[in-house]
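User: Could you take me through a single part of this model in detail, starting with its charged side chains and then moving to what surrounds them? I would like the cut-offs spelled out as you go.

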Amino acid sequence: MKLPLVLVMGVSGAGKSTVGALLAARLGLRFADADEFHPAANIAKMSRGEPLTDEDRWPWLDRVGAALAEGEPPVVVACSALRRRYRDRLRARAP
């Protein structure tokens, strides 16, 4: 049985990671927080208190989408993905 792709979305502090980790454990899947997929340049920028631009986010969202699409074993990912274009970018990699 092929399991569906699972992306837990919501605003900061909504409990995405908590819900995602519990769901992954319940389904016997691996859990990943989308923050783990940020490139070093994004992490440095955020550490300086600088907001990320969409151009900063595209490679990150591509990595998150790839983790969903290619996850072996399947993975539950927690990611804000608040804007429609971010969700569209994720869907482009992981329909």
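Analyst: **Salt bridges and their surroundings**

Asp54 and Arg83 join through their side chains in a salt bridge, with 3.5 Å from N to O. The term is used here for a side-chain nitrogen of Lys or Arg within 4 Å of a carboxyl oxygen of Asp or Glu. Before going further, please keep in mind that this is a predicted model, in which local features need pLDDT of at least 70 and side-chain atom pairs count only at pLDDT 80 or more, while totals for chains, interfaces and linings use all residues. Residues are numbered from 1 along each chain as its sequence is written, and side-chain values use heavy atoms, with hydrogens and water left out.

Back to that first pair: Asp54 sits in helix H3 (residues 54–70), while Arg83 belongs to the loop between strand E3 (75–78) and helix H4 (84–93), so distant parts of the chain, 29 residues apart, are linked. Helices (H or I, at least four residues) and strands (E, at least two) are DSSP runs, numbered from the N terminus. The two partners also differ in their exposure class: Asp54 is buried at 18% relative accessibility, and Arg83 is partly exposed at 42%. Buried stands for under 20% relative accessible area, exposed for over 50%, and partly exposed for what lies in between, with a 1.4 Å probe and protein chains only.

Asp54 has another partner, Arg85, and here the closest N and O atoms are 2.9 Å apart. Since Asp54 belongs to helix H3 and Arg85 to helix H4, this pair ties together parts that are 31 residues apart in sequence. Arg85 is partly exposed, with a relative accessible area of 43%. Together with Arg57, the residues Asp54, Arg83 and Arg85 form a network of salt bridges.

Further along, Arg89 pairs with Asp62 in a salt bridge whose closest N and O atoms are 2.8 Å apart. This again links distant parts of the chain, with Arg89 in helix H4 and Asp62 in helix H3, 27 residues apart. Arg89 is partly exposed, at 28% relative accessibility. In total, the structure holds 7 salt bridges. As general background, side chains of opposite charge can pair when their charged atoms come close.

Helix H3 brings us next to the nonpolar part of the picture. By a nonpolar core I mean a set of buried Ala, Val, Leu, Ile, Met, Phe, Trp, Tyr and Cys residues joined through side-chain atoms within 4.5 Å. The largest such core has 16 residues, and Trp60, Leu61, Val64, Val77 and Cys79 have the most contacts inside it. H3, E3 and H4 each give at least two residues to this core, with H3 contributing the most, 6 residues. Contact is counted between heavy atoms within 4.5 Å. Leaving aside residues up to four places away in sequence, Leu61 touches Cys79, Tyr86, Arg89 and Leu90, and Arg89 is the very residue that pairs with Asp62.

Cys79 is worth a pause. This residue lies in the loop between E3 and H4 and is buried, with a relative accessible area of 1%. With the same sequence neighbours left out, Cys79 touches Leu7, Val8, Met9, Gly10, Lys16, Ala34, Trp60, Leu61 and Leu90. The loop between E3 and H4 also holds Ala81, which is buried at 2% relative accessibility. Phi of Ala81 is near 40°, a positive value in a residue other than glycine.

Finally, the largest pocket has a volume of about 430 Å³. A pocket is an open set of points on a 1 Å grid over the protein atoms alone where a 1.4 Å probe fits, with protein on both sides within 12 Å along at least five of seven lines, and lining residues have an atom within 4 Å of a point. Its volume is the space filled by probe spheres set on the points, which are joined across faces, edges and corners. There are 20 lining residues, of which Asp35, His38, Arg57, Trp60 and Ser80 are the closest to the centre. Arg57 thus appears both here and in the salt-bridge network, and Trp60 is also among the core residues with the most contacts. H3 gives the largest share of the lining, 3 residues.
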